[in-house]
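Good morning, and thank you for coming. Please look at the sequence and the structure as they appear on the screen, and I shall then take you through some of the elements.

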Amino acid sequence: MLGRTEIEALIPHREPFLWIDRVLSLSETRIEAEKDIGADLPVFRGHYPHFPIMPGVLLCEALFQAGALLIAHRLRQDGETKAGVPVLTRIGVAKFKLPVGPGDTVRLEARLSERLADAWFLKGKVLVNGKTAVKVDFACALADLKTPDSC
């Protein structure tokens with residue numbers, strides 16, 4: 001299990017835009033992580049304030065961050081020292097099936113489908129109470145974030 005320190009060592013995301021609290025399991029092709037959706041998140045004051053719903057785009061972002069963690073972990077395990085961090089390059093079909101609200105804990109599952117050079121293709125889902133809330137296919141590539149025109 002990875003906590004905040006280990007997560008921050010692998011990806012550049014930080015509060016208030018780090019959407020993973022802990023990694024439960026991590027292999028060469030799969031990651032399971034969790035995020036506690038606090039009732040105090042500012043987004044709930046404006047996103048359907050009388051029926052607060054976590055924005056789907058933020059749930060997708062949590063999956064994308066899980067995918068970036070998987071890629072960064074894999075690169076480290078494989079001894080690849082190439083400069084760069086995983087960045088989102090493609091979003092496929094996204095399906096939103098259940099609302100996520102304040103107080104929920106979401107489980108993030110991402111699986112590597114294919115790697116072609118520096119392109120990584122993944123499938124992910126967000127579960128709440130054991131049921132699928134979001135499904136999305138996405139891709140990432142390595143980018144050198146030190147130079148502005150590298151993406």
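Helix H2 covers residues 56-77, which makes 22 residues. From its first C-alpha to its last, H2 reaches 32 Å, close to the 32 Å expected at 1.5 Å a residue. Please keep in mind that this is a predicted model. Is H2 mostly covered or mostly open? H2 is mostly covered, with 18 of its 22 residues buried. Just after H2 comes glycine 79, whose phi is positive, at about 75°.

I turn now to the strands. Strand S4, residues 105-116, runs antiparallel to strand S2, residues 30-36, and seven bridges join the two. S4 is also joined to strand S5, residues 119-128, by ten bridges, and this pair too runs antiparallel. Arginine 107 in S4 may serve as our reference point: glutamate 34 stands opposite arginine 107, and in S5 its bridge partner is leucine 127. S4 and S5 form a hairpin with two residues between them. In that turn, alanine 117 has a positive phi of about 55°.

Finally, the aromatic rings. How many aromatic pairs does a search of the whole structure find? The search finds two. In one pair, the rings of phenylalanine 17 and tryptophan 19 have their centres 6.0 Å apart. Their planes lie at 85°, and planes over 60 degrees apart count as edge-to-face, so this pair is edge-to-face. Phenylalanine 17 counts as partly exposed because its relative accessibility is 39%, whereas tryptophan 19, at 7%, counts as buried.

Conventions:
Residues numbered from 1 in each chain as written. Predicted model: local features only at pLDDT ≥ 70, side-chain atom pairs only at ≥ 80, totals over all residues. Heavy atoms only, no water. Helix = DSSP H or I, 4+ residues; strand = E, 2+ residues; numbered from the N terminus. Expected span 1.5 Å × (residues − 1). Buried < 20%, exposed > 50% of the residue type's maximum accessible area, 1.4 Å probe, protein only. Pairing = 2+ DSSP bridges. Phe/Tyr/Trp six-rings, centres within 6.5 Å; stacked < 30°, edge-to-face > 60°.
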